[in-house]
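User: Please take one part of this model and look at it closely. Start from a single strand pairing and work outward to what surrounds it. Where do the side chains go, and what holds what?

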Amino acid sequence: MIAIIDYDAGNIKSVEKALLFLGQEVKVTGDKETILSADKVILPGVGAFGDAMATIRERGLESVIRHVAESGTPFLGICLGLQLLFERSDEAPGTEGLGILKGEILKIPEKDGLKIPHMGWNSLHLENDGRLFRGVAEGACVYFVHSYYLKAADAQIVKASTDYCTHIHASVEKDNVFACQFHPEKSSDVGLQILKNFVEL
């Protein structure tokens, strides 16, 4: 069973729908025991870093997420779910992230002719042999919606990157913890392959 953590942060239905399409048993839940007993766990998210961290802490989910990350259970953060795994964000100065991975979330700098938020399809540069990207071609396009981006402290955990106004770390992997800034559940066949690779871990 795959648990999708429900903390009122959007895009849950589309993630659930994609996993059901792949034939998976899925539970959308905020229940700690259900999350801890799952075979795999997904932290989705669309919204603001500070609000999301406040909700996670209010609901007692921070320790649950940490336990999953430390237990070896495959864990996937999507969009805001990626950002929350890191230490801090320009979006919410003074708010500590989960700090499960080292790095910071920075505001996408303005650049002539490019709109922020970054919204739409961008190609990926694949690196460091990421397990989520098996069967995915170099330069494959995926769907992004974000105004802040990851700069990971350790380049070795970065498995895909893209360029939009700046160089963006688009996906990371460390041990059992995976995360994507883009939305695999909205990225057509490429996104389904990425989710399929996750469920087959």
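Analyst: **A hairpin strand and its surroundings**

Strand β12 (residues 166-174) runs antiparallel to β13, and four bridges join the two. The model is predicted, and what follows should be read that way.

Take the hairpin first. Two residues sit between β12 and β13, and Asp-175 in this hairpin has a positive phi near 55°. Across the pairing, Glu-173 faces Phe-178 of β13.

Now the other partner of β13. Strand β4 (residues 75-78) pairs with β13 (residues 177-180) in the parallel sense, again over four bridges. Two residue pairs mark the register. Phe-75 stands opposite Val-177, and Gly-77 has Ala-179 as its bridge partner in β13. So β13 has an antiparallel neighbour in β12 and a parallel one in β4.

Which way do the side chains of β13 point? Val-177 and Ala-179 point one way, Phe-178 and Cys-180 the other. All four are buried. Read this against the pairings: Val-177 is the residue opposite Phe-75, while Phe-178 is the one opposite Glu-173.

Step back to the whole sheet. Eight strands make an open sheet, ordered β2-β1-β3-β4-β13-β12-β11-β8, with mixed pairing. The edges are β2 (26-29) and β8 (125-126), each paired on one side only. In that order, β13 sits between β4 and β12.

**The helix across the sheet**

Helix α1 (residues 12-21) lies across β1 (2-5), β2, β3 (40-43) and β4, and runs at about 170° to β1. One of these strands, β4, is the parallel partner of β13.

Which residues of α1 are buried? They are Ile-12, Val-15, Glu-16, Ala-18 and Leu-19. They span an arc of only 165° around the axis, so they lie on the same side of α1. The cover over these buried residues includes β1, β2, β3, β4 and α6 (188-199). Strands and a helix thus both appear in that cover.

The face turned away from the buried side carries exposed residues: Lys-13, Lys-17 and Phe-21. After α1 comes Gly-23, with a positive phi near 80°.

**A salt bridge within the helix**

Side chains of opposite charge can pair when their charged atoms come close. In α1, Lys-13 and Glu-16 do this, with 3.0 Å from N to O. Both residues belong to α1 and are three residues apart, about one turn of the helix.

Are the two ends of this salt bridge buried or exposed? Lys-13 has a relative accessible area of 63% and so is exposed, the cut-off being over 50%. Glu-16 has 16% and therefore counts as buried, the cut-off being under 20%. Glu-16 belongs to the buried set of α1, whereas Lys-13 is on the face turned away from it.

**Other salt bridges**

How many salt bridges does the structure hold? There are nine. Two more serve as points of reference.

Glu-62 and Arg-66 meet in one, at 2.9 Å from N to O. Both lie in helix α4 (residues 62-71), four residues apart, about one turn of the helix. Glu-62 counts as buried because its relative accessibility is 17%, and Arg-66, at 28%, counts as partly exposed.

Lys-196 and Glu-200 meet in another, at 3.1 Å from N to O. Lys-196 is partly exposed at 34% relative accessibility. Glu-200 is exposed at 52%. Separately, salt bridges with shared partners link Arg-57, Glu-62 and Arg-66 into one network.

**Pairings outside the sheet order**

Further strands pair elsewhere. Strand β5 (residues 88-89) and strand β6 (residues 103-107) run parallel over two bridges. Ser-89 has Ile-105 as its bridge partner in β6. On its own account, β6 also pairs with strand β10 (residues 148-152), antiparallel and over five bridges. There, Glu-104 stands opposite Lys-151. Like β13, then, β6 takes part in a parallel pairing and an antiparallel one.

Terms used: Residues numbered from 1 in each chain as written. Predicted model: local features only at pLDDT ≥ 70, side-chain atom pairs only at ≥ 80, totals over all residues. Heavy atoms only, no water. Contact = heavy atoms within 4.5 Å. Axes fitted to C-alpha atoms, helices over the stretch in contact; angles between N-to-C directions. Salt bridge = Lys/Arg side-chain N within 4 Å of Asp/Glu carboxyl O. Buried < 20%, exposed > 50% of the residue type's maximum accessible area, 1.4 Å probe, protein only. Arc of directions from axis to C-beta.
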